[in-house]
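Trainee: I have the model open and I'd like to learn how to read it. Can we go through it together?

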Number of protein chains: 2
Amino acid sequence: MPKKPDLLPGTLDMLILKTLTRGPQHGYGIALSIRHLSQDFLTVEEGSLYPALQRLLVQGWVKAEWKKTETNRRARFYTLTPQGRKQLGLELSEFEQMIAAIGRVLQKA
Amino acid sequence: MPKKPDLLPGTLDMLILKTLTRGPQHGYGIALSIRHLSQDFLTVEEGSLYPALQRLLVQGWVKAEWKKTETNRRARFYTLTPQGRKQLGLELSEFEQMIAAIGRVLQKA
DNA sequence: ATTCTATCCATAGATAGTCTATAGATGGGA
DNA sequence: TCCCATCTATAGACTATCTATGGATAGAAT
């Protein structure tokens with residue numbers, strides 16, 4: 001069976017921000033989205049997710065408000081702010097550069 | 001100026017092991033190799049490098065012996081062991097899967 | 001009615017890995 | 001002789017993740 005590789009440290013904020021470009025979502029929904037989009041490969045645990053959302057709130061990259069879900073439950077919906085969108089762009093480009101750099105090392109050795 | 005993105009956490013061991021497939025090297029040489037191969041993008045600080053080498057030694061993935069460098073200086077040369085080579089293969093495939101999974105999330109949102 | 005399951009939020013504590021900062025030794029060149 | 005580059009190494013702080021909980025509620029099942 002195919003192991004269980006959790007997450008690549010440092011990429012969670014980026015994944016959350018990216019997920020929120022599709023529109024506001026609550027924490028549980030974000031976790032599900034990441035899991036489904038990655039085809040069950042990436043699993044975001046609560047203990048990682050909520051601290052991350054707190055960080056993003058403090059930085060002003062997302063905002064939050066309590067609403068009702070489609071299933072009539074009370075949940076906190078997170079929305080990407082303009083600063084958050086900008087931050088996402090930054091993180092995406094750094095990530096790509098990083099991956100490219102690692103690729104060069106792995107390829108030449 | 002273009003920021004300073006250090007390293008992607010969790011990838012250092014893999015980079016070291018891969019570097020050693022070219023042959024035994026001392027710590028300082030490993031750091032230089034990674035830096036040059038990545039075209040000055042990745043910088044491995046001593047405070048990251050030596051703890052990592054200690055980890056690899058303990059796991060049996062590298063072995064070490066004191067020798068003289070080309071410049072006639074005393075240095076500790078690290079060599080990849082068969083287990084280390086196997087471990088490298090494992091880490092490479094996990095890393096690629098991880099990157100692919102992240103790529104799927106980033107692409108679809 | 002009651003229990004169960006899925007949904008939903010959140011925190012505490014442990015652990016891992018990296019960074020900053022520091023320390024020291026040595027060979028070769030100015 | 002003095003300095004710089006080479007070379008090893010550790011301590012302490014910090015960040016981010018994981019494990020493990022805890023709790024609440026809606027709707028379905030029994």
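Trainee: Which elements each supply at least two residues of the surface near DNA strand D?

Mentor: Some ground rules to begin with. This is a predicted model, where local features need pLDDT of at least 70, side-chain atom pairs count only at pLDDT 80 or more, and totals for chains, interfaces and linings use all residues. Residues are numbered from 1 along each chain as its sequence is written, while chains are lettered from A and ligands numbered from 1 in the order in which they are written. Helices (H or I, at least four residues) and strands (E, at least two) are DSSP runs, numbered from the N terminus. "Near" a molecule or strand means that a residue's C-beta atom, placed from the backbone, lies within 6 Å of it. Now your answer: α3 of chain A, plus α2 (27-37), α3 and β3 (74-80) of chain B. α3(A) has the largest share, with six residues.

Trainee: Which residues are the closest to DNA strand D?

Mentor: D6(A), G47(A), H26(B), G27(B) and A75(B), out of 30 that surround the strand. For the chemistry, use classes: Ala, Val, Leu, Ile, Met, Phe, Trp, Tyr, Cys and Pro are nonpolar, Asp, Glu, Lys and Arg are charged, and the others, Gly among them, are polar. That surface then has nine nonpolar, 13 polar and eight charged residues.

Trainee: And which residues come nearest to DNA strand C?

Mentor: H26(A), G27(A), E46(A), D6(B) and G47(B), from 29 residues around DNA strand C. Here α2, α3 (46-59) and β3 (74-80) of chain A, together with α3 (46-59) of chain B, each supply at least two residues. The class split is nine nonpolar, 13 polar and seven charged.

Trainee: How many residues of chain A are in contact with chain B?

Mentor: Contact means that the C-beta atoms of two residues, placed from the backbone, lie within 7 Å. By that test, 28 residues of chain A meet 28 of chain B. On the chain A side, α1 (12-20), α2 (27-37) and α4 (82-108) give two or more residues each, and α4(A) gives the most, with ten. That side has 15 nonpolar, seven polar and six charged residues.

Trainee: What pattern does chain A follow along the sequence?

Mentor: Reading along, you get α-β-α-α-β-β-α, with four helices and three strands.

Trainee: At what angle do the axes of α1(A) and α3(A) cross?

Mentor: Axes are lines fitted to C-alpha atoms, for helices over the stretch in contact, and angles run from 0 to 180 degrees between N-to-C directions. Under 35 degrees is roughly parallel, over 145 roughly antiparallel, 65 to 115 roughly perpendicular and the rest oblique. These two axes come within 10 Å and cross at roughly 75 degrees, so α1(A) and α3(A) are roughly perpendicular. L12(A), D13(A) and I16(A) of α1(A) make the contact with S48(A), A52(A), R55(A) and L56(A) of α3(A).

Trainee: Is A52(A) buried or exposed?

Mentor: Count the other C-beta atoms, placed from the backbone, within 10 Å of a residue's own: 20 or more is buried, 12 or fewer exposed, in between partly exposed. A52(A) counts as partly exposed because it has 19 C-beta neighbours inside 10 Å. Leaving out residues up to four places away in sequence, A52(A) touches L12(A), D13(A) and I16(A). A52(A) and L12(A) sit 40 residues apart in sequence but 7.5 Å apart in space, C-alpha to C-alpha.
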